[in-house]
Amino acid sequence: MKNLNRYRADRLNWFSADGREQRIRDYLTLANSLVWQRQASFFAAAALASFYFDPVSVFACYGVVVLTEMLDQILSRRADAWDGQDPVVGRKILTRIFLNTIVSALAISVFIINIAVQQTSGGHFTPLFFLFSASVFAAMYNSQLIGVLLVRLSIYGFAFLYIAFLDVIRYSPPISSPIWLEFFTIIFVLYFIIDISVKFYLSYQDRLEQMKLIEEENERTKAALEIKTQFLSTVSHELRTPLTSIIGSLELVNNGVLGEVPEKARPVLGIAARNGRQLANLINDLLDLQKIETGEIAFQFEPIDANDLVQEAVEATAGYADKLGITVSFVPCTEPPRITGDRSRLIQVMNNLLSNALKFSDDGATVRVSVEARDSRILIAVEDSGVGIPEGSEDRVFGKFSQVDSSDVRKVGGTGLGLNITKQIVERHNATINYVSELGVGSTFYLEFARQADKEDTSEIIETVAQVA
Ligand code: ADP
């Protein structure tokens, strides 16, 4: 058993070492994609030749070529089904490709030689041109498997030489005869075909090398990303637990539960609690971002009334609004604004938009939230009359860890992750997020969802959105 495994592993190496599996696939894929082009030229050549030469032998050869084409098609399907794991299958496919090549190249050569033999005067332009085209075609499209290319070109080379010697032997002409001119031209053409075959082969080889390098680079990037994600997740988890207890303890102290807090200590403890909460927000955002990016978050799609959703978010942020002395007004939609989404994730989206609108507004300002139905869309808008966002800042607004104002002029805290997470959540709902803003005047963030027509359509829409997500 051990020996068998080693044998298999060796054979596998033999296949993967020089990208043979890839070569087989590339060869068959290309052969497949050019099948109609080849059929058209084979048929045209056969039809033309049958008019001027013996049609029976012409179509007999044509039939054999078509047969090998069909065998190639079957092979191509077998290669598609091959998972690349079993080298025995790979070897069988390769052997069949070789056999098909020999039969097809022989049939094409016999077809061409047959025409040349029937021509007794005026040179062999037609058969030589057919042969030249077939050779160039092979040089261009068979360079994935050098053995197959060599077999085909050797057979064509033999046909070239046969035609070259045909008239020389038939007529024994003097060296000044055009028959010798044709002979030397054929030798020149043969050199040309070998030259372009080598060029095509080397360029395919180059491409394979490049692909291998890109793949290796890709693997390295993926591994680095994996380590980064793992690191981030571990650190965030490890930080969150002690931080929660620090914040809890500070709140107990600040609320006077553990006794009177000395006047002098109050501001310091207040700052500590605020910074603790800020740090906790950052950790939560990091964990969220990582979960969204790795697809760990499972979205639970359900029918939602956008009015209810927004109402809930407005209530959730009411305490924060009060603290900042800002009024939040809500204009609900008059028709039932049904959408489909993950309720808790959409609340998170709304909380982020609302808290941004609040924190970037001045004391005494009003933040307006509205839900509107527009044709087949539901539009949720969060409008503030705060600091505004300079033109062309979309990348920074929705980017990671990016904030529009520089940190030294910044009055409000934040992680610079909220809107990035928000955008990713919104996009997983097949919805959009945009904003319009003017510096010093205010900003309005819009969410646009597909409107759900009525309750019966719910399951279908949930399915669609779930598929997109
Ligand atoms: P942060 O945690 O910094 O608020 P976000 O990702 O939520 O991060 O927002 C990114 C940046 O976009 C903010 O730092 C701010 O510069 C800008 N921004 C977002 N919402 C508003 C708003 N309503 N008014 C002004 N600027 C905003």
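I began at the ligand in this predicted model, where I found a polar side-chain atom of Asn 356 lying 2.8 Å from an oxygen atom of the ligand. I then looked for other polar atoms beside the ligand, and noted that a polar backbone atom of Leu 419 is 2.7 Å from a ligand oxygen atom, while an N or O atom in the side chain of Ser 443 is 3.5 Å from a ligand nitrogen atom. Next I looked up the ligand's surface: taken alone it exposes 530 Å², and the protein buries 97% of that.

I turned to the shell around the ligand, which holds 23 residues, and wrote down that Asn 356, Lys 359, Gln 403, Thr 415 and Leu 419 come nearest. Sorting the shell by residue type, I have nine nonpolar, 10 polar and four charged residues.

Which elements each supply at least two residues of this shell? I listed helix 12 (343-359), helix 14 (418-428) and strand 7 (442-450), and I marked helix 12 as the source of the largest share, with four residues.

My last entry concerns a nonpolar surface patch of about 590 Å², which is made by Leu 161, Phe 165, Ile 169, Ile 175, Phe 184 and Ile 187. Helix 7 (146-171) and helix 8 (178-254) each supply at least two of the patch residues, and helix 7 gives the most, namely three.

Within the patch I picked out Ile 169, which I found in helix 7, and asked myself whether Ile 169 is buried or exposed. I recorded Ile 169 as exposed because its relative accessible area is 64%, and exposed requires over 50%.

Note on methods
Residues are numbered from 1 along each chain as its sequence is written. This is a predicted model: local features need pLDDT of at least 70, side-chain atom pairs count only at pLDDT 80 or more; totals for chains, interfaces and linings use all residues. Side-chain values use heavy atoms; hydrogens and water are left out. A residue is near a molecule or strand if one of its heavy atoms lies within 4 Å of it. A polar contact is a pair of N or O atoms within 3.5 Å; within protein, one must be able to donate a hydrogen and the other to accept it, and residues adjacent in sequence count only if both atoms are side-chain atoms. Accessible areas come from the Shrake-Rupley method with a 1.4 Å probe; for residues, only the protein chains shown count as cover. Ala, Val, Leu, Ile, Met, Phe, Trp, Tyr, Cys and Pro count as nonpolar, Asp, Glu, Lys and Arg as charged, and the others, Gly among them, as polar. Patches are made of residues with over 30% relative accessible area and no salt bridge: like charges are joined within 9 Å, nonpolar side chains (Val, Leu, Ile, Met, Phe, Trp, Tyr) within 5 Å. A salt bridge is a side-chain nitrogen of Lys or Arg within 4 Å of a carboxyl oxygen of Asp or Glu. Buried means under 20% relative accessible area, exposed over 50%, partly exposed in between (1.4 Å probe, protein chains only).
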